[in-house]
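These entries record what I looked up in one structure. I kept to pockets, one sheet and one residue.

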Amino acid sequence: MINKVHHIAIICSEYEVSRAFYTDVLGLTIIREVYRAERQSYKLDLALNGNYVVELFSFPDPAKRPSRPEAMGLRHLAFEVDDLDLVVSVLNAKGVEAEPIRVDEFTDKRFTFISDPDQLPIEFYEK
């Protein structure tokens, strides 16, 4: 019935800041960028390794997303990585601080979290 996750939609508070974060820091590539004047809204379609994964939206005065303590609903976005130490090093070099690396007690895989400019938790999970 379901084939795969098609995309994840994210609403940001400061479009240029989030655009730079998702493209320059995380390395997602732009598929298309549209300004919708009637909504005063940008829509940025982003790809990871050629696969469409994120829609980044801006809207005037979006509601704040409760994040901590953890709120009901979608919790975080997670990316699989080959080398977690390398990812943390690259993020640190770009001014992004990661939480201490932890180990999943069920899979014995390493992972860490960062936050996007609007405090959306983003996980990096080692393959």
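**Entry 1: the second largest pocket**

By class, how many nonpolar, polar and charged residues does the lining of the second largest pocket have? I noted first that the model is a predicted one. I then found 11 nonpolar residues, one polar and three charged in that lining. The volume of this second largest pocket comes to about 370 Å³. Its lining is made up of 15 residues, and those closest to the centre are Leu-26, Leu-48, Glu-80, Val-81 and Phe-124. I next looked up the elements that give two or more residues to this lining, and they are strand E5 (77-81) and helix H2 (84-93). H2 provides the largest share, four residues.

**Entry 2: the largest pocket**

I turned to the largest pocket, for which the computed volume is about 440 Å³. It is lined by 17 residues, of which Ile-10, Ile-11, Ala-63, Arg-65 and Asp-118 are the closest to its centre. Which strand gives the most to this lining? I found strand E1 (residues 8-12) in that role, with five residues. Sorted by class, the lining of the largest pocket holds 10 nonpolar residues, three polar and four charged.

**Entry 3: the sheet and helix H2**

I looked up the strand order of an open four-stranded sheet and recorded E5-E8-E7-E6, with mixed pairing. Why is one side of E5 and of strand E6 (102-103) left without a neighbour in the sheet? Both stand at the edges and each has a single partner strand, so one side of each has no neighbour there. E6 runs antiparallel to strand E7 (residues 110-115), and two bridges join them. For Arg-102, I noted Phe-111 in E7 as the bridge partner. Helix H2 packs on this sheet, where it touches E5, E7 and strand E8 (121-126). The direction of H2 makes about 20° with that of E7. H2 thus appears twice in my notes: it packs on the sheet, and it gives four residues to the lining of the second largest pocket.

**Entry 4: Ser-18**

My last query concerned Ser-18, which lies in helix H1 (residues 15-25). Is Ser-18 buried or exposed? Its relative accessibility is 1%, and the cut-off for buried is under 20%; Ser-18 therefore counts as buried. I then set aside the neighbours within four places in sequence and listed the contacts of Ser-18: Cys-12, Leu-56, Pro-117 and Asp-118. One of these, Asp-118, I had already entered among the residues closest to the centre of the largest pocket.

Note on methods: Residues are numbered from 1 along each chain as its sequence is written. This is a predicted model: local features need pLDDT of at least 70, side-chain atom pairs count only at pLDDT 80 or more; totals for chains, interfaces and linings use all residues. Side-chain values use heavy atoms; hydrogens and water are left out. On a 1 Å grid over the protein atoms alone, a cavity is a set of points where a 1.4 Å probe fits but cannot get out, and a pocket is an open set with protein on both sides within 12 Å along at least five of seven lines; lining residues have an atom within 4 Å of a point. Grid points are joined across faces, edges and corners, and a volume is the space filled by probe spheres set on the points. Ala, Val, Leu, Ile, Met, Phe, Trp, Tyr, Cys and Pro count as nonpolar, Asp, Glu, Lys and Arg as charged, and the others, Gly among them, as polar. Two strands pair if DSSP finds at least two bridges between them. Contact means heavy atoms within 4.5 Å. Axes are lines fitted to C-alpha atoms, for helices over the stretch in contact, and angles run from 0 to 180 degrees between N-to-C directions. Buried means under 20% relative accessible area, exposed over 50%, partly exposed in between (1.4 Å probe, protein chains only).
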